[in-house]
Amino acid sequence: MIAQLARPLACLALLLVCRSLTAEEPARKLPRIRTYDTLHIRADLKLDVDREEISGTVTHTLRPLHEGFKQLELDCEHLQVERVTVGEAEQKFELAEPKLKITLDRVYGRDDELSVAVTYRGQPTRGLYFVKPDEFYPD
């Protein structure tokens, strides 16, 4: 009787060990779906070190990867967006952290190149941030 139970118990033990190993794996992040190719980024920024604040305009020159390109999403966390333009034309936008969702004034295609300028200010916590001197790194 013990011999008959040994195989099912060994399978159950193996199953529990495998389950515990997979339960501790970190969740995988899905890769971003690219809708455009970034050709150039120009950052015209002012840094206020005392207030740990940045302000300025970042212009993204890009080319859509598909026809029917009408909306653009950019990472934008802990920043106040003041305006978004393509050329001189103001664009509609919605800030839903951590994303800035921009609705373009027209549909763009694969052969189009556009420059989207985002003017903002804030105290970023990712990407560019301020590190002040401390007792370990005084300079």
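Buried means under 20% relative accessible area, exposed means over 50%, and partly exposed covers what falls in between. With that in hand, here is a friendly tour of this predicted model. The stops are an open sheet of 5 strands, an aromatic pair, a nonpolar surface patch and a few backbone details.

**The sheet**
- The 5 strands of the open sheet run in the order β1-β2-β8-β4-β5, and their pairing is antiparallel.
- β1 and β5 (89-90) are the edge strands, each pairing on one side only.
- Between β2 and strand β8 (residues 114-122), the antiparallel pairing extends over 9 bridges.
- If you want a spot to look at in β8, A117 is the bridge partner of T59.

**A residue in β2**
- S55 sits in strand β2, and it counts as buried because its relative accessibility is 14%.
- Setting aside neighbours within four places in sequence, S55 is in contact with D44, L45, K46, Y120 and R121.

**The aromatic pair**
- Searching the whole structure turns up 1 aromatic pair.
- Y36 and F69 make up this pair, which is edge-to-face, with 6.1 Å centre to centre and 65° between the planes.
- Y36 belongs to strand β1 (residues 36-48) and F69 to strand β3 (residues 69-75), so the pair ties together parts that are 33 residues apart in sequence.
- Y36 has 18% relative accessibility and therefore counts as buried.
- F69, at 6% relative accessibility, counts as buried too.

**The nonpolar surface patch**
- L45, L47, V49 and L128 form a nonpolar patch on the surface, and together they have about 330 Å² of accessible area.
- L45, one of the patch residues, also appears among the contacts of S55.
- V49 is found in the loop between β1 and β2 (53-64).
- The relative accessibility of V49 is 48%, so this residue counts as partly exposed.

**Backbone details in the loops**
- E52 is in the loop between β1 and β2, and its phi is positive, about 55°, although it is not a glycine.
- With 32% relative accessibility, E52 counts as partly exposed.
- H78 lies in the loop between β3 and β4 (79-86), and its phi is near 60°, again a positive value in a residue other than glycine.
- H78 counts as partly exposed because its relative accessibility is 35%.
- E97 and P98 are joined by a cis peptide bond, with omega about 10°.
- P98 is placed in the loop between β6 (92-96) and β7 (99-108).

Conventions:
Residues numbered from 1 in each chain as written. Predicted model: local features only at pLDDT ≥ 70, side-chain atom pairs only at ≥ 80, totals over all residues. Heavy atoms only, no water. Phe/Tyr/Trp six-rings, centres within 6.5 Å; stacked < 30°, edge-to-face > 60°. Helix = DSSP H or I, 4+ residues; strand = E, 2+ residues; numbered from the N terminus. Buried < 20%, exposed > 50% of the residue type's maximum accessible area, 1.4 Å probe, protein only. Patch = residues over 30% accessible without salt bridge, like charges linked within 9 Å, V, L, I, M, F, W, Y side chains within 5 Å. Areas by Shrake-Rupley, 256 points an atom, 1.4 Å probe, with all protein chains shown as cover. Salt bridge = Lys/Arg side-chain N within 4 Å of Asp/Glu carboxyl O. Pairing = 2+ DSSP bridges. Contact = heavy atoms within 4.5 Å.
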